[in-house]
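Reader: Before I rely on the labels attached to this model, I would like to see how each one is justified.

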Amino acid sequence: MTADPPLVLDIDGTLTRPDGWGIDPRVFDPIRDWEAPVVIATGKAFPYPIALCHFIGVPELVVAENGGVVYTGDDVFFTADREAAQAVTEEYRAAGYTLGWGAEDTVNRWRETEIAVNLEQPIGPLREIAAKHGLEVIDTGYAYHVKDTTPTKGAGLETIADHVPIDLEAAVAVGDSVNDVSSFDAVGRSFAVGNADELAKAAADEVLEDVHADGTLSVLERVRGTA
Ligand SMILES: O=C(O)COP(=O)(O)O
Ligand SMILES: [Mg+2]
């Protein structure tokens, strides 16, 4: 008997339309019909992947904020707090910069363990201030994330596997950027979409030719029923 392997899916760059922005609607049905757990592992704030699972109609298994927030379907785990990142961005603002998301800032409004900065803002001073506070800045290609160095998507996956039956050795991960490298290390098989950054490409077992959701859909077709 064959089964589907568990999946670990990144959002931005991975489930997005091949032109780069917005979820590609073609991913909804394969995810909904997948006959094994699907974990959404993202740098986005907690409500975004929860809403994605909700609207697709699958159980909420989520690693959010690059591992800062983990949800097993029953319990939420926080592996950092927002205060240090907040202090960094306050200093960044005091130096005359902005986070770049406008007054209401829905990107950070519900973010609990890190802060994201728009890519149009200068990263040099952000990195300098973050380093003074013992934090790191990672560039996902969609935002700069000011974060504690401890949380990672991969560690979040281990937390999920401690609480729900999911075999990470059998799991397949798809991603596009530096924040997916730890996911790739945590699972049995990993794929970088064609648009992935160099770090993700170097860490993946295989680099796909197809970009964004085209790449991810090709993986789903290939690994369906192979566990
Ligand atoms: O929040 C980001 O910058 C990127 O999000 P992702 O991890 O889902 O690609
Ligand atoms: Mg991504």
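The exchange below takes up a loop residue, a strand and a ligand shell in turn.

Author: This is a predicted model, in which local features need pLDDT of at least 70 and side-chain atom pairs count only at pLDDT 80 or more, while totals for chains, interfaces and linings use all residues. Residues are numbered from 1 along each chain as its sequence is written, and chains are lettered from A and ligands numbered from 1 in the order in which they are written.

Reader: Why is Pro37 called buried?

Author: A residue is buried if 20 or more other C-beta atoms, placed from the backbone, lie within 10 Å of its own (exposed if 12 or fewer, partly exposed in between). Pro37 has 21 such atoms within 10 Å, and is therefore buried.

Reader: What makes β9 and β10 a pair?

Author: Two strands pair if DSSP finds at least two bridges between them, and strand β10 (residues 189-192) is joined to β9 in the parallel sense over four bridges. In one of these, Ala173 has Ser190 as its partner in β10. Strand β1 (residues 7-9) also runs parallel to β9, with three bridges, and there Leu9 is partnered by Val174.

Reader: How do you know which residues surround ligand 1?

Author: A residue is near a molecule if its C-beta atom, placed from the backbone, lies within 6 Å of it. The residues around ligand 1 include Asp10, Asp12, Lys44 and Asn179.

Terms used. Helix = DSSP H or I, 4+ residues; strand = E, 2+ residues; numbered from the N terminus.
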